[in-house]
Amino acid sequence: MSQFAINVLFVGGSFAIYIGIAIWAKAGSTKDFYVAGGGVHPITNGMAIGADWMSAASFISMAGIIASSGYGASTFLMGWTGGYVLLALLLAPYLRKFGKFTVPEFIGDRFYSKSARMVAVVCLIIASLTYVIGQMAGAGVAFSRFLEVDATTGLIIAAIVVFFYSVLGGMKGITYTQVAQYVVLIIAYTIPAVFISLELTDNPIPPLGLFSDHSASGEPLLSKLNEVVVALGFNEYTAMVDNKLNMVLFTLSLMIGTAGLPHVIMRFFTVPKVADARWSAGWALVFIGLLYLTAPAVASMARLNLVTTIYPDMAGQVENYEDAAANPIAYADRPDWIRTWEETGLIKFDDKNNDGKIQLYNDAADFSGRGWQGNELEVSNDILVLANPEIANLPGWVVGLIAAGGLAAALSTAAGLLLAISSAISHDLIKGAINPRISEKGELRAARISMSVAIVVATYLGVNPPGFAAQVVALAFGIAAASLFPALMMGIFSKRINNKGAIAGMLTGLIFTLVYIFIYKGWFFIPGTANLPDTEANWVMGISPLSIGAVGAILNFAVAYVVSSVTEEPPQEIQDLVESVRYPKGAGTAIDH
C-alpha cells in the first residue's frame, strides 16, 4: 500500500469518527450548544480540555520552534503550562460558581454594564480569531503534505471538516469529538517519539532519552546536538538567551494569556458542580503533561536527525567537525521525505554556489572559505514534528498516524475557538444587546451562522498567516492577556473595581497591544503593511510583539485601578456578588439570563 493510501486511511478514518460523533451528539438546544447540557464527567471534560488545549501550536509547531531555537523557546512550555495552573486555581472554580454560559456574560454582569459586555465580546473575538488563524494554518500544513495538495487547498479541506462537526454539534458534539481527538493525537505524538528515542538513544521513554547517550557517538544527546549545531555556526542548543527581559515578559504573556482564553474557560461550565471543575482541571493537567513532557525530546531529536541527514559524517564519532561539515549530501541524493515536503513549498532549496550540494547553516556565520555563499535549505518550523517519522525512516503507518494526530490537534482547538466566537456573537451580542427576546431556536440559528462566518474569515486569513503556528498563537495569547485576564481577575478578587475602570482597562490593554503587534506584523495582519521590520533591533526596549501582552496587562490593571479609584464604588449588590463568587461552593448548573 502506498504512503498516500495509508495517510488517507488514517486521516479519513479519524474524520469519519469525528463526524459520526457530531451527528450522534447533535445539539438540540442552546444549553447543548454552549455547555454540552452541563453534565459532562470531569475525566471526560479533562480529556476534552486537553485536546482543546493541545492545538496545532502544541502538536505541530511547539517542538519545531524548540528544535530551531533551543533552550530559549522553552518559554512556550513554561508559559503554557504555568498559565493552565493559573486558570485552574484562580479562575475556573470561581467562574463556574457564577454559572453563566460565556466570559463576556460574566464581565457584563459583574461590572453591571452592557458596554463592558460588548467590549469583552470584541476582545474575545479578536483573540479567538487570531488564535484560530494559527490552527487553520497548521491544519493546512498537515493536509498539504499528507493528502499531497498545496497548502491553500489543505486549508480549505480543514475548514470544511471543522464546519461539519462544529456547526452541527456545538459544545456537545465538540466535547465528545475532542475526547476522540485527544486519544488520536496523544497516540500519534508518543509512538513516533518512542521509536525515535529508541533509534537515537536506545531508551524507549523520550523524556529520559533526552538525557541519555546518543547511540551512534556515545556522547550525551544534548552534548552531541550542541557540537553539531555549533559546527554550523548556530548558538549552542542549550545556551541561555541574552534578552532575559523579553524572555520573562514572553513567559508571563503566555501564562496570563492562557488563563484568559475564553474557549478553555467555557469548558468549565460543562460540568455539574464546582468540585467537578476542579477535578476537570486536575485531569486536564495529567493529559496535557503527557505531551508537554515529550515535546522537548521530540524537538531535540528532530533537530539532530535533520542536521545529520544533511551532514551524514556528523552522525557517529567525529574527530573533526569542520571536515564533517564540509561534506554535505548532494541535492540529487536528497532523501524522499525532502522531495515530498518540497512539493508543499514548506522546504525550499536554492543552490547559491552551484555545487549541487545542500549547505544548511547559520547565514550570520562566515563560511565563505568553504565556498559557501549562504544557507541553501529553508525548512519551516511547522513541519519538523510531522516530518520526524519520515526523517527517521519509520514505518508508513507511523507517518499516517502522525498525520491524523496533527490534524486532530489543529481541528480540536479550532472547533473550541469557533464555538467561543459564535457564542459571543449569538448569546452576548445578539441576545444580550440587539434582540433580548430572540427565541431559543433563533439564537441557535444565529450561533451556527456566526460560526460559519468565523470559519470563512479564519480560512481567508490562514492563507497568509502573520507567522508560523506557534507565533500566531502567541499573538492571540498576548491579546487575551492584555484584555480579558485582568478584567476576570479584578472581577473575582476586587470589590472596588467598577464598570468605568473595567472598560477603560480592557480598551487600554487591547488597543495598546494590538497597535504594537500591528506595527511589526502588519495592520490587521495584512501582508506588506508593517511599519517596522520584526527584528530585535527595532523592538522597543527589546520587547517583541509576542511578549507585549504582559505589558498590556499591566497597563490594563493600572488604568482600571486608577479610574475606579476616582469614580464611584460599585453598587452594594455587586460587591455582595463578588463576595459570594469567592466561595465556590454549592453552584448549580450554568444558567441563561
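Axes here are lines fitted to C-alpha atoms, for helices over the stretch in contact, and angles run from 0 to 180 degrees between N-to-C directions. Helices (H or I, at least four residues) are DSSP runs numbered from the N terminus. You're looking at a predicted model, in which local features need pLDDT of at least 70 and side-chain atom pairs count only at pLDDT 80 or more, while totals for chains, interfaces and linings use all residues. Residues are numbered from 1 along each chain as its sequence is written, and side-chain values use heavy atoms, with hydrogens and water left out.

**Stop one: α18 and α19.** Select 396-434 and 440-462: these helices, α18 and α19, pack at about 135° with axes 8 Å apart. The pair therefore counts as oblique (not under 35 degrees, not over 145 and not 65 to 115). Their crossing is right-handed (the near helix is turned clockwise from the far one by less than a right angle). For the contact (heavy atoms within 4.5 Å), show sticks for residues including Leu418, Ile425 and His427 of α18 and Glu443, Met451 and Ile455 of α19.

**Stop two: α21 and α22.** Now pick 499-521 and 548-565, where the axes of α21 and α22 come within 7 Å and cross at roughly 155°. That makes the two roughly antiparallel. Among the contact residues are Gly501, Gly505 and Gly509 of α21, and Gly549 and Gly552 of α22. This crossing is right-handed too.

**Stop three: α17.** Jump to 384-391. How many of the residues of α17 are buried? Eight of its eight are, with buried meaning under 20% relative accessible area, exposed over 50% and partly exposed in between (1.4 Å probe, protein chains only). Glu390 and Asn388 are among them. Just after the helix, click Asn393, whose phi is positive, near 60°.

**Stop four: rings.** The whole structure holds 17 aromatic pairs (rings of Phe, Tyr and Trp, the last by its six-membered ring, with centres within 6.5 Å; planes under 30 degrees apart are stacked, over 60 edge-to-face, the rest tilted). One to zoom in on is Phe518 with Trp523, tilted at 5.6 Å centre to centre and 50° between planes. Phe518 is buried at 7%, whereas Trp523 is partly exposed at 30%. Then select Phe76, Trp80, Tyr131, Phe250 and Phe477, which form one aromatic cluster.

**Last stop: charges over rings.** Arg303 puts its charged end over the ring of Phe234, 5.0 Å from the centre (the cut-offs: NZ of Lys or CZ of Arg within 6 Å of the ring centre and within 35 degrees of the ring normal). Finish at Arg370, which lies over the face of Trp372 at 4.9 Å from the ring centre.
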